[in-house]
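Student: Could you take me through one part of this model up close? I'd like to look at the lining of the largest pocket and the pieces around it.

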Amino acid sequence: MSAGRGGDAASRDVYVCVDVEASGPVPALFNLVSIGAVPVSFVDGAWRPDADGFYVALKPIAPGFDAGAMAVHGIPRQRLEAEGTPADQAMRLLAEFVERRRTRQGGRAVFVGHNAAFDWSYVAYYFELYRIPNPFGYKALDTKSLAMGRLGIGWFDTSKEKLQTFLPTLGPQDSGLVHRADYDARYQAGILCALLNRPSARAPLPPPGTGATGD
């Protein structure tokens with residue numbers, strides 16, 4: 001069976017696939033540059049991404065701008081300073097977007113990231129900095145870890161490029177849009193749906209007396 005079943009309480013939950021671009025490796029020292037988010041919910045017997053998503057670019061608040069990190073997303077510092085949304089306002093917009101979508105579904109909101117440790121660190125820090133209640137609570141789901149379990153692969157086989165070979169429905173990434181937060185969030189929503197919709201197979205229990213502990 002697939003990971004979701006119609007009628008289960010969990011099928012009312014909304015998985016919000018989030019991608020962030022940043023000016024460096026850690027919050028506080030560096031800046032959250034942009035946020036993309038795409039909800040995924042259980043519709044007509046399968047997990048599917050919403051047609052609508054969320055995107056915002058933020059005005060910088062920290063002094064750090066790593067040249068390598070800035071080259072990845074390609075958004076100039078000057079543009080962010082001139083046109084970016086104030087960071088507190090951006091986080092309120094994200095919280096409102098998530099809450100509206102969660103309320104419509106009637107379940108809970110789950111933060112999902114591809115290498116969630118990075119994206120979560122920035123989002124959680126900014127919510128706390130501005131004393132905005134985090135609509136995701138304090139937990140996050142990592143699709144790289146999920147892929148390890150669902151596909152039986154190692155950590156270093158969970159890159160988006162390698163997952164294309166394990167999940168053919170994904171298709172290739174658009175090289176012209178990669179590292180734009182809204183595009184990456186939508187592609188990651190495709191990864192999550194492919195993993196959740198994949199038929200499950202439970203590993204057999206070890207034979208009695210083998211001494212297997214399951215640790």
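Tutor: Start with β1, since the largest share of the lining of the largest pocket, four residues, comes from this strand. Keep in mind that we're looking at a predicted model. The pocket itself has a volume of about 350 Å³. Its lining counts 19 residues, and those closest to the centre are Asp19, His114, Lys160, His179 and Asp184. Besides β1, the elements that give two or more residues to the lining are α1 (67–73), α4, α6 and α7. By type, the lining splits into six nonpolar, six polar and seven charged residues.

Now zoom in on β1 itself, residues 14–22. Nine of its nine residues are buried. In a regular strand the side chains alternate between the two faces of the sheet. Here both faces are covered: one side has Val14, Val16, Val18, Val20 and Ala22, and the other has Tyr15, Cys17, Asp19 and Glu21, all of them buried. So what does β1 pair with? With β5 (residues 109–113) it runs parallel, joined by four bridges, and within that pairing Cys17 sits opposite Val112. With β2 (residues 32–43) the pairing is antiparallel and spans eight bridges. Asp19, which we just met among the residues closest to the pocket centre, has Gly36 of β2 as its bridge partner.

From β5 you can step across to α5 (residues 143–151), whose buried residues pack against β5, β6 (140–142), α6 (160–166) and α7 (181–196). Two of those partners, α6 and α7, are also among the elements lining the pocket. The buried residues of α5 are Thr143, Lys144, Leu146, Ala147 and Leu151. They sit on the same side of the helix, because they cover an arc of only 155° around its axis. The general reason for that kind of pattern is that an α-helix has 3.6 residues a turn, so residues three or four places apart point the same way. Right after α5 comes Gly152, with a positive phi near 65°.

One last stop is the loop between α4 (116–129) and β6, where you'll find Pro135. Leaving out neighbours within four places in sequence, Pro135 is in contact with Ala95, Val98, Ala109 and Phe127. Pro135 also lies 6.8 Å from Glu99, C-alpha to C-alpha, although 36 residues separate the two in sequence.

Conventions:
Residues numbered from 1 in each chain as written. Predicted model: local features only at pLDDT ≥ 70, side-chain atom pairs only at ≥ 80, totals over all residues. Heavy atoms only, no water. Buried < 20%, exposed > 50% of the residue type's maximum accessible area, 1.4 Å probe, protein only. Pairing = 2+ DSSP bridges. Arc of directions from axis to C-beta. Contact = heavy atoms within 4.5 Å. 1 Å grid on protein atoms, 1.4 Å probe; cavity = no way out; pocket = protein on both sides within 12 Å on 5 of 7 lines; lining within 4 Å. Points joined across faces, edges and corners; volume = space filled by probe spheres on them. Nonpolar A, V, L, I, M, F, W, Y, C, P; charged D, E, K, R; others polar.
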